[in-house]
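I have a new structure open today, and these are my notes from a first look around. Come along and check each entry against the picture.

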Amino acid sequence: MNTQKQARAVRLGPRSVAALALAGAVGVAAFGWPFLAPPSSRISAHAQDAPWLFAGLLVLLVAVVGAAISESGLGPKAVAMLGVLAATGAALRPIGAGTAGIEPMFFLMVLSGRVLGPGFGFVLGSVTMFASALLTGGVGPWMPFQMLAMGWFAMGAGLLPGPDLLRGRAEVAMLAAYGFLAAFAYGTVMNLAGWPFMGALASNVAFDPQAAVAANLARFFAYCLATSLGWDLGRAVVTVVLTLLLGPAVLRALRRATRRAAFETPVTFETHAT
């Protein structure tokens with residue numbers, strides 16, 4: 001019989017779950033307000049200011065969520081693992097930057113979220129994006145949106161079914177499929193973060209605060225096709241290829257490290273009688 005201890009994801013307490021739910025609700029409002037706010041609302045009247053206001057709110061929100069998860073589920077060992085993975089992801093991001101969506105950090109977020117769970121994945125995605133922004137000089141009003149979107153990206157991998165039973169090729173195929181779809185989802189929500197800034201620069205695809213929801217949806221769809229479809233496809237393909245090629249080895253390494261760390265086991269000190 002195989003008695004090898006299974007790798008356990010970092011568990012979430014009720015406070016962490018509530019914080020993640022709050023982050024999700026505010027995040028949906030922050031990204032989707034162009035379609036949620038009626039033309040007569042004050043938000044639509046200040047369309048150029050709204051992304052800045054939401055960016056400031058998201059910074060505080062991500063910090064609160066990270067603190068809540070850290071308090072309930074991240075001990076010293078998990079924090080050390082978080083630091084290593086975040087540094088690795090931040091170092092991977094500049095590779096291929098500006099070249100057809102070649103972003104290898106995404107596959108690492110998928111595999112880490114899968115092994116270590118949705119709460120750890122959310123914190124890892126947010127911290128990695130923050131660290132990589134500092135590393136690459138990509139600090140701006142878009143950064144909080146990137147942090148939240150990447151947190152969702154990695155968290156989603158931790159919510160996939162069969163974390164304790166599904167192994168082998170089936171699991172890798174599932175993660176590759178998730179990475180492909182989630183890469184497009186990430187690009188789409190990040191388009192929502194920048195789209196309202198366009199103003200009158202491109203009248204055919206720009207957000208119009210006075211237009212109906214259907215008209216703005218058509219504009220946004222055209223904006224995505226014109227600006228990011230190729231980049232999102234490159235990101236999705238690279239994520240799939242790296243997951244299929246390196247996924248089995250990286251999953252084994254992450255699970256071995258998680259078992260050895262034994263995050264939920266309290267640290268004790270043994271005393272020996274002399």
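**Entry 1: a starting point**

Where is the place of Ala212? I found Ala212 in the loop between H8 and H9. I should say early that I am working with a predicted model. Next I looked up how open this residue is: Ala212 has a relative accessible area of 49%, so it is partly exposed; the cut-off for exposed is over 50%. I also looked up a partner in space. Ala212 and Phe35 lie 177 residues apart in sequence, yet their C-alpha atoms are 8.6 Å apart.

**Entry 2: the overall plan**

How many helices and strands does the protein have? I counted 10 helices and zero strands. Going along the sequence, I wrote the pattern down as α-α-α-α-α-α-α-α-α-α. The protein has 274 residues, and 49% of them are buried.

**Entry 3: helix H5**

I then turned to H5, which covers residues 105–116. With 12 residues at 1.5 Å a residue, H5 should span 16 Å, and its end C-alpha atoms are indeed 16 Å apart, so the two values agree. Is H5 enclosed or open? I found 12 of its 12 residues buried, so H5 is largely enclosed by the rest of the structure. Among these buried residues are Phe106, Phe107, Ser112 and Arg114. I also checked what comes after the helix: H5 is followed by Gly117, which has a positive phi, near 100°.

**Entry 4: salt bridges around Glu171**

How many salt bridges does the structure hold? I noted four. Glu171 pairs with Arg114, and their closest N and O atoms are 2.8 Å apart. This pair joins distant parts of the chain, since Glu171 sits in H8 (residues 169–194) and Arg114 in H5, 57 residues apart. Both Glu171 and Arg114 are buried.

Glu171 also forms a salt bridge with Arg255, and here the closest N and O atoms are 2.5 Å apart. Again distant parts of the chain are linked: Glu171 is in H8 and Arg255 in H10 (residues 229–261), 84 residues apart. I looked up how covered these two are. Glu171 has 1% relative accessibility and so counts as buried. Arg255 has a relative accessible area of 10%, so Arg255 is buried as well; the cut-off for buried is under 20%.

**Entry 5: salt bridges in and around H10**

Which residue forms a salt bridge with Asp232? I found Arg235, with the closest N and O atoms 2.8 Å apart. Asp232 and Arg235 both lie in H10, three residues apart, about one turn of the helix. An α-helix has 3.6 residues a turn, so residues three or four places apart point the same way. Asp232 is at 5% relative accessibility and therefore counts as buried. Arg235 is at 4%, so Arg235 counts as buried too. I added one more name here: Glu103, Asp232 and Arg235 are linked in a network of salt bridges.

**Entry 6: the largest pocket**

Arg235 came up again when I looked at the largest pocket, which holds about 390 Å³ of space. Its lining has 19 residues, and those closest to the pocket's centre are Gln146, Gly187, Met190, Asn191 and Arg235. Helices H7, H8, H9 and H10 each supply at least two residues of the lining. Which helix gives the most? I found that H8 does, with six residues. By type, the lining divides into nine nonpolar, six polar and four charged residues.

**Entry 7: the nonpolar core and H7**

My last stop was the largest nonpolar core, which has 59 residues. Those that touch the most other members include Phe31, Phe120, Tyr186 and Trp195. The elements giving two or more residues to this core include H1, H4, H6 and H7. The largest share comes from H7, with 10 residues.

So I looked at H7 itself. H7 is mostly covered, with 15 of its 16 residues buried. At 1.5 Å a residue, H7 should span 22 Å; its end C-alpha atoms are 23 Å apart, which agrees.

Note on methods: Residues numbered from 1 in each chain as written. Predicted model: local features only at pLDDT ≥ 70, side-chain atom pairs only at ≥ 80, totals over all residues. Heavy atoms only, no water. Helix = DSSP H or I, 4+ residues; strand = E, 2+ residues; numbered from the N terminus. Expected span 1.5 Å × (residues − 1). Buried < 20%, exposed > 50% of the residue type's maximum accessible area, 1.4 Å probe, protein only. Salt bridge = Lys/Arg side-chain N within 4 Å of Asp/Glu carboxyl O. 1 Å grid on protein atoms, 1.4 Å probe; cavity = no way out; pocket = protein on both sides within 12 Å on 5 of 7 lines; lining within 4 Å. Points joined across faces, edges and corners; volume = space filled by probe spheres on them. Nonpolar A, V, L, I, M, F, W, Y, C, P; charged D, E, K, R; others polar. Core = buried A, V, L, I, M, F, W, Y, C linked by side-chain atoms within 4.5 Å.
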